[in-house]
Amino acid sequence: MKVTVVGTGYVGLVSGACLAEMGNDVLCLDVDPQKIRILKDGGIPIHEPGLDKVVERNVAAGRLHFTTDVEEAVRFGTIQFIAVGTPPDEDGSADLKYVLAAARNIGRLMTDYKVVVDKSTVPVGTADKVRAAIAEELQARGVDVNFSVVSNPEFLKEGAAVEDFMKPDRIVVGADDDQAIYLMRALYAPFQRNHDKLVVMDVRSAELTKYAANAMLATRISFMNELALLAERLGADIELVRQGIGSDPRIGYHFLYAGCGYGGSCFPKDVKALIKTAADAGQGLKVLQAVEDANDTQKLVLVDKIVKRFGEDLSGMKFALWGLAFKPNTDDMREATSRVVVAELFKRGAVVAAYDPVAMDEAKRIFGDEVRLSYATNPMHAIEGADALVIVTEWKEFRSPDFERIQRVLKSPVIFDGRNLYDPKLPRSFGLEYLPIGRP
Ligand code: UDX
């Protein structure tokens with residue numbers, strides 16, 4: 001099938017590359033000539049494991065192309081994915097200007113039937129706006145060409161996006177007409193394995209499904225984080241509680257890890273947007289508001305522990321920080337807890353020596369020439385001359401460190417672990433003070 005993908009960000013590029021991998025002819029459009037140049041030269045503008053190989057293979061096979069030419073892109077695909085950004089505006093609602101601009105371009109230039117697919121995470125009702133924008137452009141041209149609008153939200157996790165796309169749990173397709181459903185079924189046929197993964201529904205339900213999924217996952221995390229704070233007060237161990245409840249199949253083990261708060265490009269934004277949508281619809285979501293508030297508090301949990309241990313005034317102190325990315329296997333620092341921790345430590349007069357396997361360039365972009373933040377070449381380099389160690393991201397390479405050396409090098413041998421990486425007995429057996437989340 002001929003597919004156009006508008007937007008070569010994280011979602012667009014993964015979708016385009018994976019659809020090409022399944023044998024489709026894919027053209028990816030972006031307004032940013034720099035990005036398109038990188039892609040045409042065989043580079044990848046984002047960090048996503050495995051994506052470079054898929055892109056390389058499909059460019060070589062002549063199935064994956066890149067362009068900045070809007071007209072070429074609209075003409076190309078029968079299926080037109082819109083995968084552009086929807087940044088939150090001040091009140092938390094998703095800003096649709098890029099989505100609607102893409103829709104207008106399609107309406108302005110299309111000459112035959114198109115299925116326009118919303119892939120970006122967009123509020124309920126966006127498909128109607130996309131439909132109206134295209135219809136308006138067609139009307140302005142005085143032409144009558146048929147088209148369908150489909151909602152097909154993505155459920156990709158950063159760091160596992162290729163795998164998630166190639167082996168989806170489910171493929172949600174919201175469509176109101178048979179022709180569009182038929183084409184979407186054909187497009188996703190190669191992804192079907194033992195059972196039908198397509199969940200076909202009306203457009204609005206599909207749009208809400210995406211928010212409901214992320215809001216549910218965020219709820220589990222905030223709930224566990226609050227229970228962890230309670231466990232600390234009661235002298236219980238949240239890790240054992242997690243195992244105890246996760247074994248109930250109605251609860252399950254996933255997304256039950258207490259930590260120093262969730263971040264990333266999806267959960268914080270989608271939780272905010274759903275709260276806003278609900279308020280606008282006259283149906284406040286009390287639970288979800290609490291989820292957001294609890295997460296804001298949780299991002300401060302490490303700093304609270306540091307202050308409790310060393311006092312409010314941290315001037316003259318240096319903290320080693322392991323992890324900058326909002327989670328492992330990505331360089332993404334959007335809404336990352338590390339940013340809150342660094343800012344709060346600065347506020348109290350401390351300096352920070354950070355190490356992250358891939359996110360340090362991103363940190364340099366964010367923090368600029370901030371002199372209070374230095375970058376280490378490896379985890380052990382970060383602790384040199386540091387008073388204590390703070391862990392915010394659960395990178396694999398942090399999981400079995402040389403505790404003996406950490407104990408020897410740190411001035412006050414304390415580890416504040418925001419991701420519960422170790423059996424508490426282990427660092428303590430080396431004479432380290434170990435302060436995890438929700439564990440005695
Ligand atoms: C998420 C959804 O999982 C994905 O389906 C959706 O399409 C986009 O949003 P992503 O943001 O890439 O994906 O990361 P995810 O792995 O879900 O983690 C989100 C945040 O929650 C991270 O900060 C992570 O550290 C935190 N988290 C996750 C916890 O604190 N505890 C957990 O048990 C799981």
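Colleague: Where does Val358 fall: buried, partly exposed or exposed?
Modeller: Bear in mind that this is a predicted model: local features need pLDDT of at least 70, side-chain atom pairs count only at pLDDT 80 or more, and totals for chains, interfaces and linings use all residues. Residues are numbered from 1 along each chain as its sequence is written. A residue is buried if 20 or more other C-beta atoms lie within 10 Å of its own, exposed if 12 or fewer, and in between if neither holds, with C-beta atoms placed from the backbone. Val358 has 16 C-beta neighbours inside 10 Å, so call it partly exposed.

Colleague: And which residues does Val358 contact, leaving aside neighbours within four places in sequence?
Modeller: Val358 sits in the loop between β10 (351–355) and α15 (360–367); helices (H or I, at least four residues) and strands (E, at least two) are DSSP runs, numbered from the N terminus. Its C-alpha atom is 7.0 Å from that of Thr330, 28 residues away along the chain. Contact here means C-beta atoms, placed from the backbone, within 7 Å. With sequence neighbours set aside, that leaves His47, Ala325 and Asp331.

Colleague: Zooming out, what is the radius of gyration of the protein chain?
Modeller: The rule for a globule is 2.2 Å times the number of residues to the power 0.38, and the radius is taken over C-alpha atoms. For 440 residues, a compact globule would come out near 22 Å, and the chain agrees with that at 24 Å.

Colleague: What percentage of the contacts with a separation of 6 or more joins residues 24 or more positions apart?
Modeller: For context, the chain has 18 helices and 14 strands, and its C-alpha trace spans about 75 × 45 × 45 Å along the principal axes. Buried residues are 46% of the 440. As for the contacts you ask about, the share is 71%.

Colleague: Which helix gives the most residues to the largest nonpolar core?
Modeller: A nonpolar core is a set of buried Ala, Val, Leu, Ile, Met, Phe, Trp, Tyr and Cys residues joined through C-beta atoms within 7 Å. The largest one has 129 residues, and Val14, Ile82, Val116, Phe319, Leu321, Leu389 and Val390 have the most contacts inside it. Putting in 10 residues, from the stretch 203–234, the top contributor is helix α9.

Colleague: Which residues does Ile82 touch, apart from those up to four places away?
Modeller: Ile82 is among the residues with the most contacts inside the largest core. Beyond its sequence neighbours, it touches Val6, Val99, Ala102, Ala103, Val116, Val117, Asp118, Lys119 and Ser120.

Colleague: What is the handedness of the α11 and α12 crossing, left or right?
Modeller: Axes are lines fitted to C-alpha atoms, for helices over the stretch in contact, and angles run from 0 to 180 degrees between N-to-C directions. For α11 (residues 267–280) and α12 (residues 286–298), the axes come within 10 Å and cross at roughly 145 degrees. A crossing is left-handed if the near helix is turned anticlockwise from the far one by less than a right angle, and right-handed if clockwise. By that rule, α11 passes α12 in a crossing that is left-handed.

Colleague: How do the residues in that contact of α11 with α12 divide by class?
Modeller: The contact uses Val271, Lys272, Leu274 and Ile275 of α11 with Leu288, Gln289, Val291 and Glu292 of α12. Ala, Val, Leu, Ile, Met, Phe, Trp, Tyr, Cys and Pro count as nonpolar, Asp, Glu, Lys and Arg as charged, and the others, Gly among them, as polar. The split is 5 nonpolar, 1 polar and 2 charged.

Colleague: At what angle do α5 and α6 pack?
Modeller: Their crossing is right-handed. By class, the contact has 9 nonpolar, 2 polar and 5 charged residues. The axes of α5 (residues 97–109) and α6 (residues 126–141) are 7 Å apart, at an angle of about 35 degrees.

Colleague: What is the phi of Asn420, roughly?
Modeller: Most residues other than glycine have a negative phi. Asn420, in the loop between β13 (414–417) and α18 (425–429), is buried, with 22 other C-beta atoms within 10 Å. Though not a glycine, Asn420 has a positive phi of about 50 degrees.

Colleague: Is Gly368 buried or exposed?
Modeller: Gly368 is in the loop between α15 and β11 (373–375). With 8 C-beta neighbours inside 10 Å, Gly368 counts as exposed.

Definitions and conventions
Two residues are in contact if their C-beta atoms, placed from the backbone, lie within 7 Å.
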